[in-house]
Amino acid sequence: MNRFHLWHLFALASAYFLLNSWLVAIALSFEKRANVIALWWQNFPWFSLNYFGGVSVAALLVSYTRSVDLSAIGIILPLLMISYLTHRTSLGRIEDSKRHVEQLGELYMSTIETLAMAVDAKDQITHGHIRRVQVYAVELAKLLGVNDEQQLKQHDGAG
């Protein structure tokens, strides 16, 4: 493959990656009610490695063989497997990190609940004050437009 065709190949791969990833990011932003640009920057740039890895494998296949034979498949298949396994491992690490952050959040909320109960138990004069403030804060958040049930649940005393 000459240099001119390689630039076209990578330009098309870039266009395909950008179009595909931005459409997914837009759909996710509607679902999560999040900023689409921030969502894309947080989640999608690393996926470009898989796209360009696939393009490189395709370029090798087209450049060195005019027909598909076992030797070409024997060279290309391990490269595709490595790309897939790397992608899968990365997604697994991301999920592990996400679970860890969620567990830390639960621990944090549990600690706050425990401290609130200790304050309520110690001071009988203002008993229930923390709970009332918590209810008012949740209602205020709803009035300000917070409608993510997960966030409201974590802070309304039920989570």
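These legends go with a set of close-up views of a predicted model.

**View 1. The whole chain is an all-helix affair, with six helices and zero strands.**
Reading from the N terminus, the order of elements is α-α-α-α-α-α. The protein has 159 residues, and 14% of them count as buried. About 12600 Å² of the protein is exposed, and carbon and sulfur atoms supply 67% of that area. If you take the contacts between residues at least 6 apart in sequence, 36% of them join residues at least 24 apart.

**View 2. Phe-17 and Trp-40 make a tilted ring pair between helix H1 and helix H2.**
The structure holds four aromatic pairs, and here is one of them. The ring centres of Phe-17 and Trp-40 sit 6.2 Å apart with the planes at 55°, so this pair counts as tilted. Phe-17 comes from helix H1 and Trp-40 from helix H2 (residues 36-43), so the pair ties together parts 23 residues apart in sequence. Are these two residues buried or exposed? Both Phe-17 and Trp-40 are buried.

**View 3. Trp-22 and Trp-40 stack on one another.**
Stay with Trp-40 and look at its pairing with Trp-22: the centres are 5.0 Å apart and the planes differ by 5°. Again the partners sit in two helices, Trp-22 in H1 and Trp-40 in H2, so the pair ties together parts 18 residues apart in sequence. Their surroundings are worth a look too. Trp-40 has 7% relative accessibility, which is under the 20% cut-off, so Trp-40 counts as buried. Trp-22, at 26%, counts as partly exposed. Step back a little and the ring pairs link Phe-17, Trp-22, Trp-40 and Trp-41 into a cluster.

**View 4. Ser-21 reaches Trp-40 through a polar contact.**
Ser-21 belongs to helix H1, which covers residues 3-32. Its side chain makes a polar contact with the side chain of Trp-40, at 2.8 Å. What else does Ser-21 touch, leaving aside residues up to four places away in sequence? Ser-21 touches Phe-44 as well as Trp-40. With a relative accessibility of 4%, Ser-21 counts as buried. So Trp-40 turns up here as a polar partner for Ser-21, having already appeared as a ring partner for Phe-17 and Trp-22.

**View 5. Leu-23 is an exposed residue of helix H1.**
Leu-23 is found in helix H1, as is Ser-21. Is Leu-23 buried or exposed? Its relative accessibility is 52%, and because the cut-off for exposed is over 50%, Leu-23 counts as exposed. For a sense of spacing, pick out Val-36, which is 13 residues from Leu-23 along the chain; the C-alpha atoms of the two are separated by 9.8 Å.

**View 6. Seven residues make a nonpolar surface patch.**
The members are Leu-70, Ile-73, Leu-77, Leu-80, Met-81, Tyr-84 and Leu-85, and the patch comes to about 700 Å². Leu-70 lies in helix H4, which spans residues 70-122. Leu-70 is exposed, with a relative accessible area of 73%.

**View 7. Arg-99 and Asp-96 form a salt bridge within helix H4.**
How many salt bridges does a search of the whole structure find? The search finds two, and this view shows the one between Arg-99 and Asp-96. Their closest N and O atoms are 2.3 Å apart. Both residues lie in helix H4, three residues apart, which is about one turn of the helix. Arg-99 counts as partly exposed at 43% relative accessibility, and Asp-96 is also partly exposed at 43%.

**View 8. Lys-142 and Glu-139 form a salt bridge within helix H5.**
Here the closest N and O atoms of Lys-142 and Glu-139 are 3.6 Å apart. Helix H5 runs over residues 129-143 and holds both partners, three residues apart, or about one turn of the helix. Lys-142 is partly exposed, with a relative accessible area of 44%. Glu-139, at 41% relative accessibility, counts as partly exposed too.

Technical notes:
Residues are numbered from 1 along each chain as its sequence is written. This is a predicted model: local features need pLDDT of at least 70, side-chain atom pairs count only at pLDDT 80 or more; totals for chains, interfaces and linings use all residues. Side-chain values use heavy atoms; hydrogens and water are left out. Helices (H or I, at least four residues) and strands (E, at least two) are DSSP runs, numbered from the N terminus. Buried means under 20% relative accessible area, exposed over 50%, partly exposed in between (1.4 Å probe, protein chains only). A polar contact is a pair of N or O atoms within 3.5 Å; within protein, one must be able to donate a hydrogen and the other to accept it, and residues adjacent in sequence count only if both atoms are side-chain atoms. Contact means heavy atoms within 4.5 Å. Patches are made of residues with over 30% relative accessible area and no salt bridge: like charges are joined within 9 Å, nonpolar side chains (Val, Leu, Ile, Met, Phe, Trp, Tyr) within 5 Å. Accessible areas come from the Shrake-Rupley method with a 1.4 Å probe; for residues, only the protein chains shown count as cover. A salt bridge is a side-chain nitrogen of Lys or Arg within 4 Å of a carboxyl oxygen of Asp or Glu. Rings of Phe, Tyr and Trp (its six-membered ring) pair if their centres lie within 6.5 Å; planes under 30 degrees apart count as stacked, over 60 as edge-to-face and the rest as tilted.
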